[in-house]
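Hi,

Here is the structure I promised to pass along. Have a look at it first, and my notes follow underneath.

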Amino acid sequence: MDPVTKRAFKNSLFEQFAGVGKALSSGRRLELLELLAQGERTVEELATQAGLSVANASQHLQVLRSARLVEMRKDGLYARYRLTNDRVLKLWLAFRDFGEMENAEIQRVVRNFLSDRESLEAITVEQLRSRLELGDVVLLDVRPETEYASGHIRGALSVPIADLARRLKSLPKKKAIVAYCRGPYCVFADEAVRLLRAHGYKAQRLEQGFPEWKMLGLPTEAAGSAPGGPA
């Protein structure tokens, strides 16, 4: 390969890689990826959950789609988006983990906004697996029902945080309760643990969320489908 051709190849190659980086250069687009890690969503649902206008959400999704980070399917009048594949989720989790470890400002923001989290006694994924095998814990998925239906930890009960207060009496007090949600920066599980403890339940939060559990290859299932992951 002559030097001119080699240089043209390198220029073209690294520009394509840079296109993926550009798609990840917006905080709003990263939030959309985190929401899509929970399951497929319409533009309208994503706009509502991310605090965006539908037009703005659609523009961000088009950028992500151009970079092959998300894909779209038509469902009647609606456009439904999902992550292109699990490699996108791995990319987002690696991107997030790097920021957590190396960016002091991210660490400061987390400390400031989640300063009282230590009192909620987080349980690790490994600890939860052991407790589930023993059968001495009730596992609550406190995300919205649509996210639970798209996929959840095998054996978890769907109790969205908005419904938890009115459903407290249906939960046993003799067993410990573990609540989980979208991931380490989602506060639904924190809110659930506070509410449960205020009413005399022994409760903890899972330190990670459903996407992290899924990427570890641990048992999952979706509403109306066969369970996934190892037994």
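**Two crossing helices**

This is a predicted model, so please read everything below with that in mind. Helix α2 (residues 27–36) and helix α4 (residues 54–66) have axes that come within 10 Å and cross at roughly 80°. Angles of 65 to 115 degrees count as roughly perpendicular, so α2 is roughly perpendicular to α4. On the α2 side, the contact is made by R28, R29, L32, L33 and L36; α4 brings A57, H60, L61, V63 and L64. Sorted by class, this contact has 7 nonpolar, 1 polar and 2 charged residues.

**A hairpin**

Next along the chain, strands β2 (residues 70–75) and β3 (residues 78–83) run antiparallel and are joined by 6 bridges. Within this pairing, E71 of β2 stands opposite R82 in β3. The two strands form a hairpin with 2 residues between them, and G76 in the turn has a positive phi of about 65°.

**Helix α9**

Which residues are buried in helix α9 (residues 188–198)? They are A189, D190, A192, V193 and L196. Seen down the axis of α9, these buried residues fall within an arc of 160°, so they line one face of the helix. They pack against three strands: β4 (137–141), β7 (176–180) and β8 (203–205). Just after α9 comes G200, which takes a positive phi of about 90°.

Happy to talk any of this through whenever suits you.

Best wishes

Conventions: Residues are numbered from 1 along each chain as its sequence is written. This is a predicted model: local features need pLDDT of at least 70, side-chain atom pairs count only at pLDDT 80 or more; totals for chains, interfaces and linings use all residues. Side-chain values use heavy atoms; hydrogens and water are left out. Buried means under 20% relative accessible area, exposed over 50%, partly exposed in between (1.4 Å probe, protein chains only). Helices (H or I, at least four residues) and strands (E, at least two) are DSSP runs, numbered from the N terminus. The arc is that of the directions from the helix axis to the C-beta atoms. Contact means heavy atoms within 4.5 Å. Two strands pair if DSSP finds at least two bridges between them. Axes are lines fitted to C-alpha atoms, for helices over the stretch in contact, and angles run from 0 to 180 degrees between N-to-C directions. Angles under 35 degrees count as roughly parallel, over 145 as roughly antiparallel, 65 to 115 as roughly perpendicular and the rest as oblique. Ala, Val, Leu, Ile, Met, Phe, Trp, Tyr, Cys and Pro count as nonpolar, Asp, Glu, Lys and Arg as charged, and the others, Gly among them, as polar.
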